[in-house]
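Trainee: Could you take me on a close look at the part where two helices pack against each other? I'd love to hear how that spot is put together, and then what else is worth a look around it.

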Amino acid sequence: MSDELMNVLGIDIGGTKIAVCLADSQGQVLASQRLASGATAPYEQVLPQIIGQARQLMVETGLTNSIAACGICAPGPLDMVGGRIMKSPNMAWDAVPIRDDLAKALELPVYMDNDANAGVLAELFFGCAKGKKDVIYLTMSTGVGGGIIANGRLVTGVSGIGGELGHLVLDVNGPICGCGQFGCLEAYCGGRNVALRLQDALRYRQDHALMRLPEVDGKLENLNFQTVREGAKLGIPLAVAMWDEICMRLAQGIGLCMVTFNPEMIILGTAAYYAGDFMLQPVLAHLPKFAWKEFRSACEVCITVLGPKVGELAGASVALNGLAESGKLQL
């Protein structure tokens with residue numbers, strides 16, 4: 001990246017949270033704030049909150065007239081040409097023209113991309129992928145997303161929705177995914193789907209050991225991805241079996257990415273960050289089933305070094321990538 005310092009606004013949109021931040025091109029977060037509601041609330045209600053929060057942060061930092069661009073990251077699918085967030089399994093919004101709405105309100109150039117693409121850009125600009133040319137990022141939170149850098153450029157595809165790695169179908173007879181397909185990587189590893197499967201398994205088993213965990217407190221709705229992780233650490237058989245399947249399916253998805261793109265690095269985010277080696281080591285153990293040694297030897301599989309900062313920097317990274325692709329920022 002060049003020595004030129006530029007300030008950008010980043011907006012990270014999710015189903016349960018929206019984060020607004022100001023950052024510079026060296027990866028320093030200057031100010032940030034989360035909104036109380038996410039994209040499960042009506043767009044007409046949330047948009048003024050985003051605009052108001054962005055303006056407030058610019059005033060508080062004294063950067064109102066020093067912002068080069070705004071970047072939006074959101075779950076796909078996105079209409080990249082029209083600048084719209086389309087209907088998503090985990091969000092209530094449908095074809096909302098957020099790019100143009102924000103550009104008009106903030107009087108800034110606004111760029112947008114899906115959250116996983118934004119994640120891989122954050123890793124490329126600020127994380128463990130600095131200086132690398134062929135990188136894949138897999139984020140696992142409510143759903144599973146993917147971002148691909150090939151020969152130094154973000155892979156977006158002909159219609160701008162390339163890289164939906166969470167919807168690689170691993171088994172057509174597998175569990176249904178929120179997208180409507182069966183057996184997607186997200187259906188096996190996405191937090192929402194894992195929680196639903198666990199709740200179904202224990203719906204009539206109030207005496208099960210997982211129901212007695214402190215964070216569950218006997219409430220079905222408290223069973224989630226974290227319950228599986230913590231239950232597996234305790235050796236509770238149902239959780240151990242589910243965790244092993246999660247890790248095996250994740251390895252399967254990683255293997256498909258390896259043999260398709262032959263990357264030098266695959267970065268795991270969100271759930272892997274919080275699980276650490278408890279997830280990484282079994283994934284690596286399963287990986288030889290799904291990729292040749294030549295692919296595995298060429299590729300480092302690692303966990304994000306950005307941790308929770310990847311969300312803050314994701315929108316900012318979309319802005320920086322937009323500036324770079326338009327020739328306004330020298331990388």
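Mentor: Sure, and let's go straight to the angle. In this predicted model, helices H5 and H6 are roughly perpendicular to each other, because the angle between them is about 70 degrees and anything from 65 to 115 counts as roughly perpendicular. H5 covers residues 191–201 and H6 covers residues 225–233, and their axes are 7 Å apart. Those two values make a handy pair: two packed helices are described by the angle between their axes and the distance between the axes.

Now look at who does the touching. From H5 you have Gly191, Val194 and Leu198, and from H6 you have Phe225, Thr227 and Val228. Sorted by class, that contact has four nonpolar residues, two polar ones and no charged ones.

Stay with H5 a moment. Its buried residues are Gly191, Asn193, Val194, Ala195, Leu198 and Gln199. H6 is one of the partners that these buried residues pack against, along with helix H4 (185–189) and helix H7 (237–261).

H4 brings us to a cysteine, Cys189. With a relative accessible area of 1%, Cys189 is buried. You might wonder about disulfides, but the count comes to zero. Cys189 is in no disulfide, and the nearest cysteine sulfur, in Cys247, is 7.9 Å away. Cys299 tells a similar story: its closest cysteine sulfur belongs to Cys302 and is 8.3 Å off, so that is too far for a bond. Cys299 is buried too, at 9% relative accessibility.

Next, follow the chain on from H7. Asn262 sits in the loop between H7 and E11. Its phi is near 50 degrees, which is a positive value in a residue other than glycine. Asn262 is partly exposed, at 42% relative accessibility. Thr270 is another one to click on: it isn't a glycine, yet it has a positive phi of about 55 degrees. You'll find Thr270 in strand E11, and it is partly exposed as well, with a relative accessible area of 26%.

E11 belongs to an open sheet of five strands, in the order E10-E9-E8-E11-E12, with mixed pairing. Strands E10 (153–154) and E12 (300–303) stand at the edges with a single partner strand each, so one side of each has no neighbour in the sheet. E11 itself, residues 265–270, pairs with E12 in the parallel sense over four bridges. To see that pairing on screen, find Ile266, which stands opposite Val301 in E12. The sheet has a helix lying over part of it, too: H3 (residues 115–126) lies across E8 (135–140), E9 (144–150), E10 and E11, and runs at about 50 degrees to E9.

Another strand to pick out is E7, residues 110–114. It is mostly covered, with five of its five residues buried. Here is a general idea to keep in mind: in a regular strand the side chains alternate between the two faces of the sheet. In E7, Val110, Met112 and Asn114 are on one side, Tyr111 and Asp113 are on the other, and all of them are buried, so both faces are covered. E7 pairs with strand E4 (residues 67–74) in the parallel sense, over five bridges. Within that pairing, Met112 in E7 is the bridge partner of Ile72.

For contrast in direction, try E2 and E3. Strand E2 (residues 18–24) and strand E3 (residues 29–35) pair in the antiparallel sense over six bridges. Ile18 stands opposite Leu35 in E3. The two strands make a hairpin with four residues between them, and Gly27 in the turn has a positive phi of about 90 degrees.

One last stop: Gln330, in the segment after helix H11 (309–325). Gln330 counts as exposed, at 57% relative accessibility. Its C-alpha atom is 9.8 Å from that of Leu320, and those two residues are ten apart along the chain.

If you go back to where we started, keep the crossing in view: H5 and H6 are roughly perpendicular, and Val194 and Leu198 of H5 are among the residues that make the contact.

How values were computed
Residues numbered from 1 in each chain as written. Predicted model: local features only at pLDDT ≥ 70, side-chain atom pairs only at ≥ 80, totals over all residues. Heavy atoms only, no water. Pairing = 2+ DSSP bridges. Contact = heavy atoms within 4.5 Å. Axes fitted to C-alpha atoms, helices over the stretch in contact; angles between N-to-C directions. Disulfide = S-S within 2.5 Å. Buried < 20%, exposed > 50% of the residue type's maximum accessible area, 1.4 Å probe, protein only. Parallel < 35°, antiparallel > 145°, perpendicular 65-115°, else oblique. Nonpolar A, V, L, I, M, F, W, Y, C, P; charged D, E, K, R; others polar.
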